[in-house]
Amino acid sequence: MGVQNAAISKLKPNEHLRSLNGFSNTTEILVTGLERLTGNTCYRNHTFLKVRNVFARNHSGFFSETGKWCSRCIDPENIDVRELMISSLRGTYCCPIHNLALQSKCPVCFALQHFAWRCPGSRHCMKCGAALWKACEKASFSESAEWRDAQLRELVSFVSDPSSSDVSHDWSKKLRVGLDNLVASQRRRGELYTFREWSWIIEFKQALPLVLPRLENLLRLASIQAVSLTQLIISPEENCSPRLLPLEEMATEHRSRRSRPEDKWILAAEVLRS
């Protein structure tokens, strides 16, 4: 136990919060310790440990570097201050409860509220002490931003669901098999995928044996394949099947169950590419 405590004590200040609900070895140690102390087994559902075999273990590109909050959630009129798991993820924009834009700067001094400064549940700027609930902005985002938020909300729902199982240790292998099958079966890729899409798929496939994917990479693959991020995580092989051909070629070509992506999926792919 002394070795485990030593490992936790070496964390940088801005790493403590993500260690509480992330998917690193430190998170596993903390959750196991809490379960032994309290006899409660629900703590795992407040972390991303269920997808620890999916993403890069150093949390690269997964968590936001700055604290984000919903002004309504931390309003003093609320008896309970809410800190949503989704607000800690990189690239989230909107509170799913109040449909307000998530804030990251003090409304007075405009200082970013870094994890190293701000404690969960804090209602005041850790630099000037101003009230953080004053800024209240109605959410208005692009279609691609809304798509991304929807994917991340679904991911949080998956890891928080007590009935959902951990992603298996061979997940990366299953994804590689799915991509291998996709590449092998895609003889007419020019009509199904753009040149950029196909080039990125090949590049992504070649990098997989070396490192686990980042969140951005899986969001981009999901948008190209016209599936949700959670579907891709749960069944990587099945959701790496080729997209459908145009309707006029239905009689001559074998068709999978998925249609060509709608405009919102194409738009999301373009934004993630930029």
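Q: Which residues of helix H5 are buried?

A: Welcome, and keep in mind that this is a predicted model. A residue counts as buried when its relative accessible area is under 20%. In H5 that description fits Trp171, Ser172, Leu175, Gly178, Leu179 and Leu182. Seen down the axis of H5, these residues fall within an arc of 120°, so they line one face of the helix. On the other side of H5, Lys173 and Ala184 are exposed.

Q: What do the buried residues of H5 pack against?

A: Their partners are H7, H8 and H9.

Q: How many residues does H5 have, and what should they span at 1.5 Å a residue?

A: The expected span is 1.5 Å times one less than the number of residues. H5 has 15 residues, which should span 21 Å, and its end C-alpha atoms are 21 Å apart, in agreement with that value.

Q: How far apart are the end C-alpha atoms of H7?

A: The same reasoning can be applied here. The 13 residues of H7, from 195 to 207, should span 18 Å, and the end C-alpha atoms lie 19 Å apart, which agrees.

Q: Which residues of H7 are buried, and which exposed residues sit on the face turned away from them?

A: The buried set is Glu197, Trp198, Trp200, Ile201 and Phe204. Viewed down the axis of H7, they fall within an arc of 160°, so they line one face of this helix. The face turned away carries the exposed residues Phe195, Arg196, Glu203 and Gln206.

Q: Where in H3 are the buried and the exposed residues?

A: Thr26, Thr27 and Val31 are buried in H3. Down the helix axis, the buried residues of H3 fall within an arc of 130°, so they line one face. Asn25 and Arg36 are exposed on the face turned away from that buried side. H3 has 14 residues and reaches 20 Å from its first C-alpha to its last, close to the 20 Å expected at 1.5 Å a residue. After H3 comes Gly39, whose phi is positive, near 75°.

Q: Why does Glu35 count as partly exposed?

A: Partly exposed residues lie between the buried cut-off, under 20%, and the exposed one, over 50%. Glu35 has 23% relative accessibility, so it counts as partly exposed. Its place is in helix H3. Leaving aside neighbours within four places in sequence, Glu35 is in contact with Asn40, Thr41, Tyr43 and Arg44.

Q: Where does Ser64 lie, and is it buried or exposed?

A: Ser64 is in the loop between H3 and H4. With 9% relative accessibility, Ser64 counts as buried. Ser64 and Arg90 are 26 residues apart in sequence, yet 4.2 Å apart in space, C-alpha to C-alpha.

Q: How many helices and strands does the protein chain have?

A: There are 10 helices and 0 strands. From the N terminus on, the elements therefore run α-α-α-α-α-α-α-α-α-α.

Q: What share of the residues is buried, and what share of the contacts joins residues at least 24 apart?

A: Buried residues make up 45% of the 274 residues in the protein chain. Among contacts between residues at least 6 apart in sequence, 66% join residues at least 24 apart. The chain exposes about 14500 Å², of which carbon and sulfur atoms supply 53%.

Q: Which residues have the most contacts inside the largest nonpolar core?

A: They are Phe48 and Val51, in a core of 40 residues. H4, H5, H7, H8 and H9 each supply at least two residues of this core. Beyond its neighbours within four places in sequence, Phe48 has contacts that include Asn21, Phe62, Met85, Leu89 and Val159. A second, separate core of 8 residues includes Ile74, Cys125, Ala130 and Trp133.

Q: What is the mean pLDDT of the protein chain, and which elements have the lowest and the highest mean?

A: pLDDT is the predictor's confidence in each residue, from 0 to 100. The mean for the chain is 76, and 71% of its residues reach 70 or more. Among the elements, helix H1 has the lowest mean pLDDT, 43, and H9 the highest, 94. Over residues 1-14 the pLDDT is below 50, and this stretch has 12 contacts beyond near neighbours in sequence. Residues 245-257 also stay under 50, and the model has 19 contacts for them beyond four places in sequence.

Technical notes: Residues are numbered from 1 along each chain as its sequence is written. This is a predicted model: local features need pLDDT of at least 70, side-chain atom pairs count only at pLDDT 80 or more; totals for chains, interfaces and linings use all residues. Side-chain values use heavy atoms; hydrogens and water are left out. Helices (H or I, at least four residues) and strands (E, at least two) are DSSP runs, numbered from the N terminus. Buried means under 20% relative accessible area, exposed over 50%, partly exposed in between (1.4 Å probe, protein chains only). The arc is that of the directions from the helix axis to the C-beta atoms. Contact means heavy atoms within 4.5 Å. Accessible areas come from the Shrake-Rupley method with a 1.4 Å probe; for residues, only the protein chains shown count as cover. A nonpolar core is a set of buried Ala, Val, Leu, Ile, Met, Phe, Trp, Tyr and Cys residues joined through side-chain atoms within 4.5 Å.
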